[in-house]
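Hi,

Here's the structure I said I'd pass along. Have a look when you get a minute, and my notes on the charged side chains are underneath.

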Amino acid sequence: MTTIAFIGLGNMGNPMAANLVKAGHQVQGYDLVTDNLTTAKENGVTIMANAAAAVKGADVVVTMLPAGKHVISVYGDVVAKAAKGTLFIDSSTIDVDSARKAHAIAAEHGMLSIDAPVSGGTAGAAAGSLTFMAGGSDKAFARAEPILEPMAGRVVHCGGDGAGQAAKICNNMILGISMIGVSEAFVLAEKLGLSHQALFDVASTSSGQCWSITSYCPVPGPVPASPANKEYKPGFAAALMLKDLRLAQEAAASAGAVTPMGAEAAQLYALFNARGHGGDDFSGIINFLRGDKG
Ligand code: NAD
């Protein structure tokens, strides 16, 4: 049994913390929102008065927070209060520069740290089947792997500090671009009198094949489990896709990478969000491209 502080018990953090409890760990949790603390308590998490109290006596600290500024602020509050050698795991999706800054704060105080953002959404968090993309030293990763295991389907060590966040935003940039490409093809097919099923049957087994068509087809019918069959209820909300595409653009600007398709995808998802569809699944962008919704 390990004592784990869990800070940020929202839509993702709460089911993740629950899986750590189920695995037999002592979990000390903190969140700013009372309702989230109530849920955590029902799941067997010991509720602490604040983040600093949560890290007291903890061997591992997991954070699952909205953005880089929250992670830096919480690290600023708690890292110095943890015992030397404590392992810090940040699973929030944040910008690469903040992730590296968080590692630096941890290292400065003699802690081990990894950035370990996830994919798999709230369903994966509840099922304990998230994919973790980890960045950090071999030593930190070796200690983190068994802690992540009850929450994970797969854990990939992507490289040094910030490499997990880099992998996450590169992957999601591919996803945003490919969903727009697949959606455009279905809209063009409609105009050309080609059925959805016919395009699916060809493209899902030909050179146009990709996850956005085979597993997450943006029109109802060909892939029964895709959100298109449930009026585009998420799934993966368009607001979160926009967040990740913006992080990719920030990283591209910071690193001097040329990403014109990523920039265009960020722009299209910004328009889709601005018209009130941030809560729709990101595959709903097809309706926006077709001109049906806004
Ligand atoms: P959320 O808003 O539901 O949860 C974040 C929690 O952090 C909130 O409960 C908030 O009160 C808490 N918080 C903020 N500042 C705090 C502080 N100083 N101290 C303690 N708690 C604080 O968001 P979420 O959906 O759980 O997402 C968390 C992270 O995971 C985000 O970075 C998101 O991009 C990423 N993510 C989300 C999904 C998803 O499907 N929801 C999928 C993959 C990755």
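Below is what turned up when I went through the salt bridges.

First, keep in mind that this is a predicted model. The count comes to three salt bridges.

I'd start with Arg 290, which pairs with Glu 190, their closest N and O atoms sitting 2.8 Å apart. Arg 290 belongs to helix α13 (residues 285-290) and Glu 190 to helix α8 (residues 163-191), so this salt bridge ties together parts that are 100 residues apart in sequence. As for accessibility, Arg 290 is partly exposed, at a relative accessible area of 26%. Glu 190 is partly exposed too, with 27% relative accessibility.

Arg 290 also has a salt bridge with Asp 292, and there the closest N and O atoms are 2.9 Å apart. Put those pairs together and you get a network of salt bridges linking Glu 190, Arg 290 and Asp 292. If you open the model in a viewer, Arg 290 is a handy place to centre it, since both Glu 190 and Asp 292 pair with Arg 290.

Then there's the pair formed by Lys 233 and Glu 231, where the closest N and O atoms are 3.7 Å apart. Are these two residues buried or exposed? Both Lys 233 and Glu 231 turn out to be exposed.

That's it from me for now.

Cheers

Key: Residues are numbered from 1 along each chain as its sequence is written. This is a predicted model: local features need pLDDT of at least 70, side-chain atom pairs count only at pLDDT 80 or more; totals for chains, interfaces and linings use all residues. Side-chain values use heavy atoms; hydrogens and water are left out. A salt bridge is a side-chain nitrogen of Lys or Arg within 4 Å of a carboxyl oxygen of Asp or Glu. Helices (H or I, at least four residues) and strands (E, at least two) are DSSP runs, numbered from the N terminus. Buried means under 20% relative accessible area, exposed over 50%, partly exposed in between (1.4 Å probe, protein chains only).
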